[in-house]
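The following exercises ask the student to read a protein model step by step. Each task is followed by a worked solution.

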Amino acid sequence: MRIKKGDTVEVITGKDKGKRGEVLSVIPKKDRVIVEGVNIVHRHMSPTQDMPQGGIIENEAPIHASNVQLVCPRCDERSRVGAEYLDDGTKVRKCKKCDEIVDK
């Protein structure tokens, strides 16, 4: 996957199109990501000992990785991600628009 935890991404399709958020977690086996503030679902919880009131809980649900694009930290635009090897042999991700290295 070209998206990692902590990246800023923008949703490119679906009900939350145009929203930006930070990736909270990545699920590579299902090719999905959980993005902060995107794809909010409501869950009705009955009262338990941990939560005596119960009620409606809002959580972020996973969204398919193909529906989000990385936002480049330098040009602040969403762009495709390319891979490149540095001289010391480490693999890094690059913004296809401005050729800036995305990895920290």
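Helices (H or I, at least four residues) and strands (E, at least two) are DSSP runs, numbered from the N terminus. The model is predicted: local features need pLDDT of at least 70 and side-chain atom pairs count only at pLDDT 80 or more, while totals for chains, interfaces and linings use all residues. Residues are numbered from 1 along each chain as its sequence is written, and side-chain values use heavy atoms, with hydrogens and water left out.

**Exercise 1. The overall form**

Task: State how many helices and strands the protein has, and compare its radius of gyration with that of a compact globule.

Solution.
Step 1. The protein has nine strands and zero helices. Read from the N terminus, the elements run β-β-β-β-β-β-β-β-β.
Step 2. The radius of gyration is taken over C-alpha atoms, and the globule rule is 2.2 Å times the number of residues to the power 0.38. For a compact globule of 104 residues the radius would be near 13 Å, but the protein has 17 Å.
Step 3. Along the principal axes, the C-alpha atoms fill a box of roughly 55 × 30 × 20 Å.
Step 4. A residue is buried under 20% relative accessible area, exposed over 50% and partly exposed in between (1.4 Å probe, protein chains only). By this rule, 28% of the 104 residues of the protein count as buried.

**Exercise 2. The open sheet**

Task: Give the strand order of the open sheet of five strands, and identify its edge strands.

Solution.
Step 1. Strands of a sheet pair through backbone hydrogen bonds, either parallel or antiparallel. Here two strands pair if DSSP finds at least two bridges between them.
Step 2. The order in the open sheet is β6-β3-β2-β1-β7, with antiparallel pairing. Its edge strands, β6 (63–64) and β7 (68–70), each pair on one side only.
Step 3. Strand β2 (residues 20–27) pairs with strand β3 (residues 32–35) over four bridges in the antiparallel sense. Within this pair, valine 26 has valine 33 of β3 as its bridge partner.
Step 4. Strand β1 is joined to β2 by three antiparallel bridges, and valine 9 has glycine 21 of β2 as its bridge partner.
Step 5. Three bridges also join β1 to β7, again antiparallel. Here valine 11 is partnered by valine 68 of β7.

**Exercise 3. Strands β4 and β5**

Task: Determine how many bridges join β4 to β5, and how many residues of β4 are buried.

Solution.
Step 1. Strand β4 and strand β5 (residues 55–60) run antiparallel and are joined by six bridges. The bridge partner of valine 41 is asparagine 59 in β5.
Step 2. Strand β4 (residues 40–45) has six residues, and the number buried is zero, so the strand lies largely in the open.

**Exercise 4. Two residues with positive phi**

Task: For asparagine 39 and aspartate 76, give phi, then the place in the chain and the burial of each residue.

Solution.
Step 1. Most residues other than glycine have a negative phi, and most peptide bonds are trans.
Step 2. Asparagine 39 is not a glycine, yet its phi is positive, at about 60°. This residue is placed in the loop between β3 and β4. Its relative accessible area is 18%, so asparagine 39 is buried.
Step 3. Aspartate 76 also has a positive phi, near 55°. Its loop is the one between β7 and β8 (81–85). With a relative accessible area of 47%, aspartate 76 is partly exposed.

**Exercise 5. Lysine 19 and threonine 8**

Task: Locate lysine 19 and threonine 8, and list the contacts of each residue.

Solution.
Step 1. Lysine 19 belongs to the loop between β1 (8–11) and β2. Its relative accessible area is 38%, so lysine 19 is partly exposed.
Step 2. Contact means heavy atoms within 4.5 Å. Apart from its neighbours within four places in sequence, lysine 19 is in contact with Val9, Glu10, Val11, Gly37 and Val38.
Step 3. Lysine 19 and asparagine 39 are 20 residues apart along the chain, and their C-alpha atoms are separated by 9.9 Å.
Step 4. Threonine 8 lies in strand β1. Its relative accessibility is 37%, so threonine 8 counts as partly exposed.
Step 5. Beyond its neighbours within four places in sequence, threonine 8 is in contact with Gly21, Glu22, Gln69, Leu70 and Val71.
Step 6. From threonine 8 to valine 92 the separation is 84 residues in sequence and 17 Å in space, C-alpha to C-alpha.
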